[in-house]
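Biologist: I'd like to learn how to read a protein model, one feature at a time. Could you walk me through this one?

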Amino acid sequence: MERSSTTPGGSARREATRQKLYEAAVTLIAEQGFSATTVDEIAERAGVAKGTVYYNFASKSVLFEELLRHGVGLLTASLREAAERTAGEGGGKVDALDAMIRAGLVFIDRYPAFTQLYVAELWRTNRAWQSTLMVVRQQAVAVVEGVLREGVADGELSEEIDVPLTAAALVGMVLVAALDWQSFQPERSLDDVHAALSRLLQGRVAGHR
């Protein structure tokens, strides 16, 4: 459990400190791996005392688990906000999915190191935080599932769609395409990548020709 601060200012300072630790940890672990990264290095990179790390997190493993929760939570919130904004503007479910694709690309463009770690950890099965990772992954996928189910119910999308698999495929498409973009095609703009994925969405999910 986190210790609570007694004042709003103290809470804001603590959140800022935790954000520094998240950023330091994700950068270092992306650079040299989890096992090779020490608490001392995280503290130094964040510009805080080593004791500050342990004040906020019981261990390096707990810090990394909370980092996963934090990062995927931000992604989930951005996907949900994109869907809700589209609905508020009168857009359909395909429009909402397209907006979510863009929101995912924006997130990955902003947090590339976290995205690399997240994708890498999805394929590991010997981590203490594996169950947590599966839970937060499902939270992100569930947002897409919800839009797909509504689209099927409304008749906008085909009843033949396998909702769970399609949702996972859409999230995976954005993750893999964005990492490929950043690693091998960095000259392309976010708009260009979004346009390419949007065409895939329109052709495969919406069934347009």
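Biologist: Let's start with two rings. In which helix do Phe114 and Tyr118 lie, and how many residues apart are they?

Modeller: Before that, keep in mind that this is a predicted model. Phe114 and Tyr118 both sit in helix α6, four residues apart, which is about one turn of the helix.

Biologist: And how do I describe two rings as a pair?

Modeller: A pair of aromatic rings is described by two things, the distance of the centres and the angle of the planes. Searching the whole structure turns up seven aromatic pairs. Take Phe34 and Trp129: their ring centres are 4.9 Å apart and their planes meet at 70°, so this pair is edge-to-face. Now go back to helix α6, where Phe114 and Tyr118 make a stacked pair, with 6.2 Å from centre to centre and 10° between the planes.

Biologist: Are Phe114 and Tyr118 buried or exposed?

Modeller: Both of them are buried. Phe34 and Trp129 are both buried too. Also, Phe114 and Tyr118 belong to one aromatic cluster together with Phe107 and Tyr111.

Biologist: Where do Phe34 and Trp129 lie?

Modeller: In loops. Phe34 is in the loop between α1 (8-32) and α2 (39-46), while Trp129 is in the loop between α6 (112-122) and α7, so the pair ties together parts that are 95 residues apart in sequence. Phe34 has another partner as well: the charged end of Lys60 sits over the ring of Phe34, 4.4 Å from its centre.

Biologist: Let me zoom out. How many helices and strands are there in the protein?

Modeller: Nine helices and zero strands. If you read along the sequence, the pattern is α-α-α-α-α-α-α-α-α. The C-alpha atoms fill a box of roughly 60 × 40 × 30 Å along the principal axes. Of the 209 residues, 42% count as buried.

Biologist: How do I read contacts that link distant bits of sequence?

Modeller: You look at how far apart the partners are along the chain. Among contacts in this protein with a separation of 6 or more, 65% are between residues 24 or more positions apart. For a single residue, try Ile42 in helix α2. Leaving aside neighbours within four places in sequence, Ile42 is in contact with Leu21, Ala24, Ala25, Leu28, Thr37, Lys60 and Leu63. You've met Lys60 already, as the residue whose charged end sits over the ring of Phe34.

Biologist: Why does Ile42 count as buried?

Modeller: Buried means under 20% relative accessible area. Ile42 has a relative accessible area of 1%, so it is buried. Thr86 in helix α4 (residues 60-88) is buried as well, at 8%. Leaving aside its neighbours within four places in sequence, Thr86 is in contact with Gly91, Gly92, Asp95, Ala96 and Ala99. In helix α8, Thr166 is buried with a value of 18%.

Biologist: What about a residue that isn't buried?

Modeller: Look at Gly146 in helix α7 (residues 130-154). Gly146 has a relative accessible area of 28%, and that makes it partly exposed.

Biologist: How do I compare a gap in sequence with a gap in space?

Modeller: Put the two numbers side by side. Thr166 and Glu145 are 21 residues apart in sequence and 8.0 Å apart in space, C-alpha to C-alpha. For Gly146 and Ser183, 37 residues apart along the chain, the C-alpha atoms are separated by 31 Å. For Ile42 and Ala103, the gap is 61 residues along the chain and 29 Å between C-alpha atoms.

Biologist: Last topic: empty space. How many cavities of 30 Å³ or more does a search of the whole structure find?

Modeller: One. About 140 Å³ of space lies in the largest cavity.

Biologist: Which helices each supply at least two residues of its lining?

Modeller: Those are α4, α5 (93-110) and α8 (163-184). The largest share, five residues, comes from α5. Residues lining the largest cavity include Leu75, Leu97, Met100, Gly104, Val144 and Leu175.

Biologist: And how does the lining break down by class?

Modeller: Eleven residues are nonpolar, one is polar and none is charged. Gly counts as polar here, and Gly104 is one of the lining residues.

How values were computed: Residues numbered from 1 in each chain as written. Predicted model: local features only at pLDDT ≥ 70, side-chain atom pairs only at ≥ 80, totals over all residues. Heavy atoms only, no water. Buried < 20%, exposed > 50% of the residue type's maximum accessible area, 1.4 Å probe, protein only. Contact = heavy atoms within 4.5 Å. Phe/Tyr/Trp six-rings, centres within 6.5 Å; stacked < 30°, edge-to-face > 60°. Lys NZ or Arg CZ within 6 Å of the ring centre and 35° of its normal. 1 Å grid on protein atoms, 1.4 Å probe; cavity = no way out; pocket = protein on both sides within 12 Å on 5 of 7 lines; lining within 4 Å. Points joined across faces, edges and corners; volume = space filled by probe spheres on them.
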